[in-house]
Amino acid sequence: MIRSAGFTLVEVLIAMAITAVVATLSFVSLDTTLSSVESLQQEGERIADLNRAWSLLQRDLNHFVDRPVRNEFGGRNQAMQGGELAEQTLAFTRIGWHNTTARVRSNMERVRYVLEDETFYRERFLVLDRTAETEPVRVDLLQGVSAVEYRFLPAGFPMRPGEFDTTNWPDAWAIGPASAAPSPPQALEIRMTLADYGEVTWLYELPGAGT
């Protein structure tokens, strides 16, 4: 008499249970890995956005030039304006606008940085002296920004290397009539509050300002 070998019902149930546990652990491990990869990717994109914002600000401020402009209302705006009480969050004139098409225009342009609805924008005007029809070209620079603060170091005040105490720096610049505005600041601090990283501080020295 030949006996047929096989698994009992208990053995089958145990094998299925082990398989289910292994599959669950594998799924959890895979899901954790994918989540980590996605998180790292988002972190990398965020850091890239921050670096891009920093690079654009640095490039613009490195090309700052003391050239006032006429606004759309016919009044004069100083070469740099900024702070909560200024007309713009931060606006200034820069040189070095590349003219690859050899158009008849200035090599200077007016740029403006604006915070709206937790988004930090860079705007530029195609002409220096504007009219009511002049519209800026806007670029979404950085999202998740809850606040931006500016501090300015007036011309003539010492800025010692390695000392970055900006507590007493004015938080607004070029307020009031253009004729009464001081010389451009020699340095600018930007404090930006981000939803994910908290406060980030950038300090820039302006070229030729205060000399």
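## Nonpolar core

In this predicted model, the largest nonpolar core has 28 residues. Tyr-113, Phe-120, Tyr-150 and Ile-190 have the most contacts inside it. Several elements each supply at least two residues of this core: helix H1 (9–62) and the strands S4 (90–95), S5 (108–116), S7 (137–143), S8 (145–153), S10 (187–194) and S11 (198–205). H1 gives the largest share, five residues. In soluble globular proteins, nonpolar side chains tend to be buried together.

Tyr-113 shows how the parts meet. Setting aside neighbours within four places in sequence, Tyr-113 is in contact with Leu-56, Leu-57 and Asp-60, and with Thr-89, Leu-90 and Phe-92. Its contacts also include Phe-120, Tyr-121, Arg-122, Leu-141 and Tyr-150. Two of these partners, Asp-60 and Arg-122, return below in a salt-bridge network.

## Buried salt bridges

The structure holds 15 salt bridges. One joins the side chains of Arg-94 and Asp-60, at 2.7 Å from N to O. Arg-94 sits in strand S4 and Asp-60 in helix H1, so this pair ties together parts 34 residues apart in sequence. Both residues are buried.

Glu-109 pairs with Arg-122, and their closest N and O atoms are 4.0 Å apart. Glu-109 belongs to strand S5 and Arg-122 to strand S6 (residues 119–125), so the bridge ties together parts 13 residues apart in sequence. Glu-109 and Arg-122 are buried. Arg-112 and Glu-123 also meet through their side chains, at 2.7 Å from N to O. This bridge again links S5, which holds Arg-112, to S6, which holds Glu-123; the two residues are 11 apart. Arg-112 is buried, as is Glu-123.

## Salt-bridge network

Which residues are linked in a network of salt bridges? The members are Arg-59, Asp-60, Arg-94, Glu-109, Arg-122 and Arg-124. The Arg-94 and Asp-60 bridge brings in S4 and H1. The Glu-109 and Arg-122 bridge brings in S5 and S6.

## Cavities

Rolling a probe the size of a water molecule over the atoms shows where empty space is left. Here the count is two cavities of 30 Å³ or more. The second largest holds about 30 Å³ of space.

What lines the second largest cavity? Its lining consists of Ala-147, Val-148, Glu-149, Arg-191, Met-192, Thr-193 and Glu-199. S8 and S10 are the elements that give two or more residues to this lining. Both strands also supply residues to the largest nonpolar core. By type, the lining residues divide into three nonpolar, one polar and three charged.

Conventions:
Residues are numbered from 1 along each chain as its sequence is written. This is a predicted model: local features need pLDDT of at least 70, side-chain atom pairs count only at pLDDT 80 or more; totals for chains, interfaces and linings use all residues. Side-chain values use heavy atoms; hydrogens and water are left out. A nonpolar core is a set of buried Ala, Val, Leu, Ile, Met, Phe, Trp, Tyr and Cys residues joined through side-chain atoms within 4.5 Å. Buried means under 20% relative accessible area, exposed over 50%, partly exposed in between (1.4 Å probe, protein chains only). Helices (H or I, at least four residues) and strands (E, at least two) are DSSP runs, numbered from the N terminus. Contact means heavy atoms within 4.5 Å. On a 1 Å grid over the protein atoms alone, a cavity is a set of points where a 1.4 Å probe fits but cannot get out, and a pocket is an open set with protein on both sides within 12 Å along at least five of seven lines; lining residues have an atom within 4 Å of a point. Grid points are joined across faces, edges and corners, and a volume is the space filled by probe spheres set on the points. Ala, Val, Leu, Ile, Met, Phe, Trp, Tyr, Cys and Pro count as nonpolar, Asp, Glu, Lys and Arg as charged, and the others, Gly among them, as polar.
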